[in-house]
Amino acid sequence: YMLFSDLGLSENLLNAVKDAGYSEPTPIQSEAIPYVLMGRDILGCAQTGTGKTASFTLPMIDILAQGRAKARMPRSLILEPTRELAAQVADNFDTYGKNHRLGKALLIGGESLDEQAKTLNKGVDVLIATPGRLIDMFERGHLLLNDVKVFVIDESDRMLDMGFIPDVERIASLLPPIRSTLLFSATMPIEIKKLAEKFLLNPKEITVAPPSTTAETITQSLLLLNLPKNQKHGTDQKRKREALRVLIKHENPDNALIFCNRKRDVDIVHRSLNRHGYQAARLHGDMHQATRMETLAQFKNGTVRFLVCSDVAARGLDIPEMSHVFNYDVPTQAEDYIHRIGRTGRAGNLGHALTIGLPTDSKYIDTIEKVIKTAIPRILLDNQKILEPNKIAPKNTERDLSEGDRTKANTSNIQSDTSEDFGNVKAGLGSRPSASRGQSI
Ligand code: AMP
């Protein structure tokens, strides 16, 4: 199917989709929507960024348009691993459901139980919840699940990572057997396959390409800081923060996510950037829910330009139009690298992903490059300046440089192994996929 109007959705819904500015369905949408409308179970292997949320919210809106919800008996249930993801799905229902009159409730931790109970009492068509809070509400008697017609388990592999599968199984046992079940997961580990076998009846299986094969719109670079191996941790970190600032200055991003591997470093990098005059916010799992939501809203509306975050906090977030992702740390899992850089270069926009590495990261870098099946182009840091590979002459310093660059290169001593600030940095493998963006070094 090439058009939204081919998928069997109602006129009201098509208008809302048009107002959202979408011209055509994404692959998961054209594949899933007709089957969801038919009431078939779905096993969807897809990540955020593929348009998977609309692939279930759109048909659900049309399915739920008929009928009415009774008090405390939601007519559909969507489970999400994190509160942020749940809030995001709720936003989707607002956007696409604006021409419908569907009641919805968001059951997430950190918000008032009383308010949530009141909303449930009014009767909701759509219930979006994290598993823990849902069970809590159920046990308090605010909720009955016998009327659920559509059950969505989103981001199942995240649920698994977070230890939610027993909760999910318990919740499923409270649902009526006649329903449709839609299960989505970015990856399909054995535990998720088992879950699918247990809950899905003759599902339509849909797999769409993960960001690792669709990231042509992302320009990747790797800055290796060739610091001596047995340096003090603090010294390494200081160099990395300096390097980050040089990268930011060079790239001049519209907005960026900056990933750290540890919560502690999220705090440190966040403080450091602010001290150097960059408007940065931070996001990690130990922060209060209200603060997290507020921070995210500030980042989305452009009040803050930089968001320093951990993987846990940022997984699955949909922040459109992000120009840059910085990896302050090389992720130790290749999958995290793919997730991180997939936050940029969405919906055909150009994105940039820059990673700072230390010699001790080499085994992680090797694995990442094996998984993404490309060498990440190296960039060089020299005298607080970035040199891009197409401007680096690998052997004879000046031969490949243009006139303008040559003058600067001579003064900045490209091949020096003893650059004051950062030591020597390993140079170019391949070149950046897109031509240099015209910034001079
Ligand atoms: P998701 O994978 O559901 O997190 O969606 C990723 C982003 O794609 C969201 O910002 C959606 O608003 C956007 N999106 C979803 N469907 C389409 C579409 N058909 N055309 C353009 N953008 C879309």
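Helices here are DSSP runs of H or I with at least four residues, and strands are E runs with at least two. Counted that way, the protein chain comes out with 17 helices and 15 strands. Keep in mind that the model is a predicted one.

Looking at the chain as a whole, 441 residues make up the protein, and 54% of them are buried. Its accessible surface adds up to about 19,800 Å², with carbon and sulfur atoms holding 49% of that area. As for how the chain folds back on itself, take the contacts with a separation of 6 or more: 75% of them link residues 24 or more positions apart.

Now to the ligand. A shell of 13 residues surrounds it, and the closest are Tyr22, Gln29, Gly49, Gly51 and Thr53. Sorted by class, that shell holds 7 polar residues, 3 nonpolar ones and 3 charged ones.

Three of the closest residues can be described at the level of atoms. Tyrosine 22 brings a polar side-chain atom to 2.4 Å from a ligand oxygen. Glutamine 29 also uses its side chain, with a polar atom there sitting 2.7 Å from a nitrogen atom of the ligand. With glycine 51 the backbone does the job: one of its N or O atoms lies 2.7 Å from an oxygen atom of the ligand. Taken on its own, the ligand has 490 Å² of accessible area, and the protein covers 82% of that.

Notes: Residues numbered from 1 in each chain as written. Predicted model: local features only at pLDDT ≥ 70, side-chain atom pairs only at ≥ 80, totals over all residues. Heavy atoms only, no water. Near = heavy atom within 4 Å. Polar contact = N/O pair within 3.5 Å; in protein donor to acceptor, adjacent residues only side chain to side chain. Areas by Shrake-Rupley, 256 points an atom, 1.4 Å probe, with all protein chains shown as cover. Nonpolar A, V, L, I, M, F, W, Y, C, P; charged D, E, K, R; others polar. Buried < 20%, exposed > 50% of the residue type's maximum accessible area, 1.4 Å probe, protein only. Contact = heavy atoms within 4.5 Å.
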